[in-house]
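Welcome! Here is a short tour for anyone meeting this structure for the first time. Take a look at it, and then read on.

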Amino acid sequence: MLSTFSGLPRAAWIVFTGTVVNRLGYLVTPFLVFFLGSRGIPTEQIPYVLGALGAGNLIGPALGGLLADRVGRRTTMIAGLLGTAAGQGLLFTAPDTVTLALAAILLSGAGSMVGPAASALLSDQVTPDRRRAAFSLFHWAVNIGTAIAGMLGGFLAARGYWLLFTVDIVSTLAYALIAASFLPAGRTRPTTPQSGGTGYGVVLRDPLMRALLPLFYVALVIYTFTEVALPLAIRDDGLSTTTLGLMATLNAALVVVLQPLAITVLARFRQIPVYVAGSILVALGVALTGVAHTPWAYAATVVLWSLGEATIGGVAGSIVAALAPDHARGRYQGAYQWTWGTARFTALSLGTTVYATAGPAAIWWFSATAGTAAALAVGALSPTIARRTALDAPTAEQAAPSGTAETTGAVAGA
């Protein structure tokens, strides 16, 4: 099942290992509301801290992508990880709402710098025909670490919130040490006016990215509804928080188990149709939450959108990597992950409002119709994407006669 990941360069496995270690410490954010309550923060002031946490996700990806191209991938990753550890420490010791909000911005902003730099490094180190596997491996690492963290979080929180912060800081610094010790130092690529300059104009002037990013945004908003609308629906049906915990555990377990299998089985199919099919599964799975009213029915919907998540894990990042010119890989990944941050901010800030004012049906119908339409629109762009890239060309293993496929090695340094 793991044969699809074989032959990936050393840097891909270092990023995988570091990401798992780092995500093992994804403990503070899920329990942040409870921590703030334990610090005596009034309920009406908690949204300020949560909003600051979301705002950091709008800053970090753009800054991370820019720095990845200007000062280097590894340097940006280490800076982001050190900033994350500092943000965690400051959040734990902050004395009031204002300082808590500032620490939250640092925490999420620095943390979200790491992803674009790591993705750009993968684009550098992995040949085009293996990027789909490399980005799926990256996505798998996030889910492995998050699944284990989910099991640890409640146990540690019951024994003191300081344990959550300690594990978060240690795991973040451990990834920084791994990156500093084992990732290639790399070099920055000089930019010229002809190559698009040093800012995000190079992305904004790309008509294909201008078309794709809004479509990815819709899909990511719908996926984030699983963090907002699903808990509200379970609460409205009178079910306990235990049911919500079981749904989260089911999702994590399914993605961890199914993603390597999915990438192995689906490797023979072109990437864009796989993305379209997986995105529709996610959209329909989220939409069908509206007709679920029992734990078993909710579990069935979770299975459906988890299967879609496992199918498309890492595919969008791989598409963006294929479109990016060599000198702007960090900024292309930064633009994509900024879209991810914006979508999450939108879903978390507006999802509850829409659910309460327009009714839950608005969420479910939007998921079904907009999600399917966005996925099909990406499919319609497939010929244009193919003309720009070798994305849907046969891989080296598929094109070579049996027994003659060559092992893929690393390419230019980060």
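A good place to start is Y336, which is buried because its relative accessible area is 13%, under the 20% cut-off. Y336 sits in helix 15, and the picture below grows outwards from there. Please keep in mind that this is a predicted model.

**Around Y336**

- Leaving aside neighbours within four places in sequence, Y336 is in contact with L213, F216, L220, A316, G317 and V320.
- Y336 and G65 are 271 residues apart in sequence, yet 9.5 Å apart in space, C-alpha to C-alpha.
- One of the contacts of Y336 is F216, a residue that comes back in the sections on the core and the aromatic pairs.

**The chain as a whole**

- The protein chain has 18 helices and zero strands.
- Of its 414 residues, 51% count as buried.
- Among contacts in the protein chain between residues at least 6 apart in sequence, 86% join residues at least 24 apart.

**How confident the prediction is**

- The mean pLDDT of the protein chain is 85, and 90% of its residues reach 70 or more.
- Which elements have the lowest and the highest mean pLDDT? Helix 18 (residues 396-399) has the lowest, at 38, and helix 16 (residues 360-380) has the highest, at 96.
- Over residues 392-414, pLDDT stays under 50. For these residues the model has 44 contacts beyond four places in sequence.

**The nonpolar cores**

- In soluble globular proteins, nonpolar side chains tend to be buried together.
- Here, the largest nonpolar core has 53 residues, and those with the most contacts inside it are L212, F216, I319, L323, Y332 and I385.
- Which elements give two or more residues to this core? They are helix 9 (201-204), helix 10 (207-236), helix 12 (271-287), helix 13 (295-312), helix 14 (315-323), helix 15 (329-357) and helix 16.
- Helix 10 gives the most to this core, with 18 residues.
- Not counting residues up to four places away in sequence, F216 touches Y275, A316, I319, V320, Y336 and V378.
- A second, separate core has 33 residues, including V15, A117, L183 and I263.

**Aromatic pairs and a cluster**

- How many aromatic pairs are there? The count comes to 12.
- F216 and Y275 form an edge-to-face pair, with 5.6 Å from centre to centre and 75 degrees between the planes.
- This pair links distant parts of the chain, as F216 is in helix 10 and Y275 is in helix 12, 59 residues apart.
- Both F216 and Y275 are buried.
- The pair of Y223 and W340 is tilted because the planes of the rings are at 50 degrees, and the ring centres are 6.2 Å apart.
- Y223 lies in helix 10 and W340 in helix 15, so this pair ties together parts that are 117 residues apart in sequence.
- Are these two residues buried or partly exposed? Y223 is buried, with a relative accessible area of 18%, whereas W340 is partly exposed, with a relative accessible area of 29%.
- F35, F92, Y161 and F165 form one aromatic cluster.

**Two threonines**

- T243 is placed in helix 11 (residues 241-266), and T294 is placed in the loop between helix 12 and helix 13.
- T243 is buried, with a relative accessible area of 9%, while T294 is partly exposed, with a relative accessible area of 39%.
- T243 and T294 are 51 residues apart in sequence and 9.4 Å apart in space, C-alpha to C-alpha.
- Leaving aside its neighbours within four places in sequence, T243 is in contact with I234 and P295.

**A look at helix 7**

- Helix 7 (residues 131-157) has 27 residues. From its first C-alpha to its last, helix 7 reaches 38 Å, close to the 39 Å expected at 1.5 Å a residue.
- Where does helix 7 bend? The bend is at M151, by about 30 degrees.

Technical notes
Residues are numbered from 1 along each chain as its sequence is written. This is a predicted model: local features need pLDDT of at least 70, side-chain atom pairs count only at pLDDT 80 or more; totals for chains, interfaces and linings use all residues. Side-chain values use heavy atoms; hydrogens and water are left out. Helices (H or I, at least four residues) and strands (E, at least two) are DSSP runs, numbered from the N terminus. The expected span of a helix is 1.5 Å times one less than its number of residues. The bend at a residue is the angle between axes fitted to the seven residues ending there and the seven starting there. pLDDT is the predictor's confidence in each residue, from 0 to 100. Contact means heavy atoms within 4.5 Å. A nonpolar core is a set of buried Ala, Val, Leu, Ile, Met, Phe, Trp, Tyr and Cys residues joined through side-chain atoms within 4.5 Å. Buried means under 20% relative accessible area, exposed over 50%, partly exposed in between (1.4 Å probe, protein chains only). Rings of Phe, Tyr and Trp (its six-membered ring) pair if their centres lie within 6.5 Å; planes under 30 degrees apart count as stacked, over 60 as edge-to-face and the rest as tilted.
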